Amino acid sequence: MDTEHTTPPQRLRTLPSRLTNQAALAANRIVDRALAGADSRRYHYALLAALEEYGPASQAALGLRTGIDRSDVVATVNDLAERHLLDRAPDPRDRRRNVISITAAGRDRLAHLDRLLAAAQDEFLAPLPAADRHALTGLLTRLVEHHGRAH
């Protein structure tokens, strides 16, 4: 490859915001490829993980907890329900809303996706030793928590 024409200017190569974005793009490609091999998407994983960790929830609560837009939650819940990975039942306290819960098949699928994502994380972080991986995760967590509070 002709690096004379593909190397970004020094100013761009040293901007943390740009570097974070470039790394995120690479991570998303790796994760999407891993999940696609299991006929899944990031939203599938997020909803199953939230239900497994926090228990049954309304679609609105799932959207808030995962940061997924309401219409995307509905579409993802429909998809996962068709696959028998979660159950949807009327809320006994408010029949206008549904309570979503993970099924045994959903827990099995989540465990499979956990393994795929662990391998994807290893692929993404391949050039970093364990200590650097841990440090990077800590730094990114601090940034996300800081900027998450601002919004």
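In this predicted model, strand β1 pairs with strand β3, which covers residues 94-102, in the antiparallel sense and over two bridges. One residue to look at here is Ser 58, whose bridge partner in β3 is Val 99. Taken as a whole, the sheet is open and has three strands in the order β1-β3-β2, with antiparallel pairing. The strands β1 (57-58) and β2 (86-91) stand at the edges with a single partner strand each, so one side of each has no neighbour in the sheet.

Ser 58 itself sits in strand β1. Its relative accessible area is 9%, so it counts as buried, the limit for that being under 20%. A polar atom of the Ser 58 side chain lies 3.0 Å from the backbone nitrogen of Ala 61. Once neighbours within four places in sequence are set aside, Ser 58 is in contact with Arg 97 and Asn 98.

Strand β3 also takes part in the packing of helix α7: the buried residues of this helix pack against α3, α4 and β3. Helix α7 runs over residues 104-124, and its 21 residues should span 30 Å at 1.5 Å a residue; the end C-alpha atoms are indeed 30 Å apart, in agreement with that figure. Which residues of α7 are buried? They are Gly 106, Leu 110, Leu 113, Leu 117 and Ala 120. These residues cover an arc of only 80 degrees around the axis, so they end up on the same side of α7. On the face turned away from that buried side, the helix carries the exposed residues Ala 104, Asp 108 and Arg 115.

Next come the charged pairs. Searching the whole structure turns up 10 salt bridges. One of them joins Arg 41 to Asp 79, with the closest N and O atoms 3.6 Å apart. Arg 41 belongs to the loop between α3 (16-36) and α4 (42-54), while Asp 79 belongs to helix α6 (residues 70-82), so this pair ties together parts that are 38 residues apart in sequence. The two partners sit in different settings: Arg 41 is partly exposed at 43% relative accessible area, whereas Asp 79 is buried at 17%.

Asp 79 forms a salt bridge with Arg 83 as well, and there the closest N and O atoms are 3.1 Å apart. Arg 83 is partly exposed, with a relative accessible area of 25%. Back in the sheet, Asp 94 forms a salt bridge with Arg 96, the closest N and O atoms being 3.0 Å apart. Asp 94 is partly exposed at 22% relative accessibility, while Arg 96 is exposed at 76%. As for how salt bridges link up, those that share partners join Asp 39, Arg 41, Asp 79 and Arg 83 into one network.

Which residues does His 44 touch, leaving out those up to four places away in sequence? The list is Asp 39, Thr 76, Asp 79, Leu 80 and Arg 83. Three names on it, Asp 39, Asp 79 and Arg 83, also appear in the salt-bridge network. His 44 has its place in helix α4, and it is buried, with a relative accessible area of 1%. From C-alpha to C-alpha, His 44 and Arg 83 are 11 Å apart in space, against 39 residues apart in sequence.

Last, there are two backbone angles to point out. Asp 39, from the network just described, lies in the loop between α3 and α4. This residue has a positive phi of about 55 degrees although it is not a glycine, and it is exposed, with a relative accessible area of 52%. His 84 also has a positive phi without being a glycine, with a value near 65 degrees. This histidine is found in the loop between α6 and β2, and at 59% relative accessibility His 84 counts as exposed.

Note on methods
Residues numbered from 1 in each chain as written. Predicted model: local features only at pLDDT ≥ 70, side-chain atom pairs only at ≥ 80, totals over all residues. Heavy atoms only, no water. Pairing = 2+ DSSP bridges. Helix = DSSP H or I, 4+ residues; strand = E, 2+ residues; numbered from the N terminus. Salt bridge = Lys/Arg side-chain N within 4 Å of Asp/Glu carboxyl O. Buried < 20%, exposed > 50% of the residue type's maximum accessible area, 1.4 Å probe, protein only. Polar contact = N/O pair within 3.5 Å; in protein donor to acceptor, adjacent residues only side chain to side chain. Contact = heavy atoms within 4.5 Å. Expected span 1.5 Å × (residues − 1). Arc of directions from axis to C-beta.
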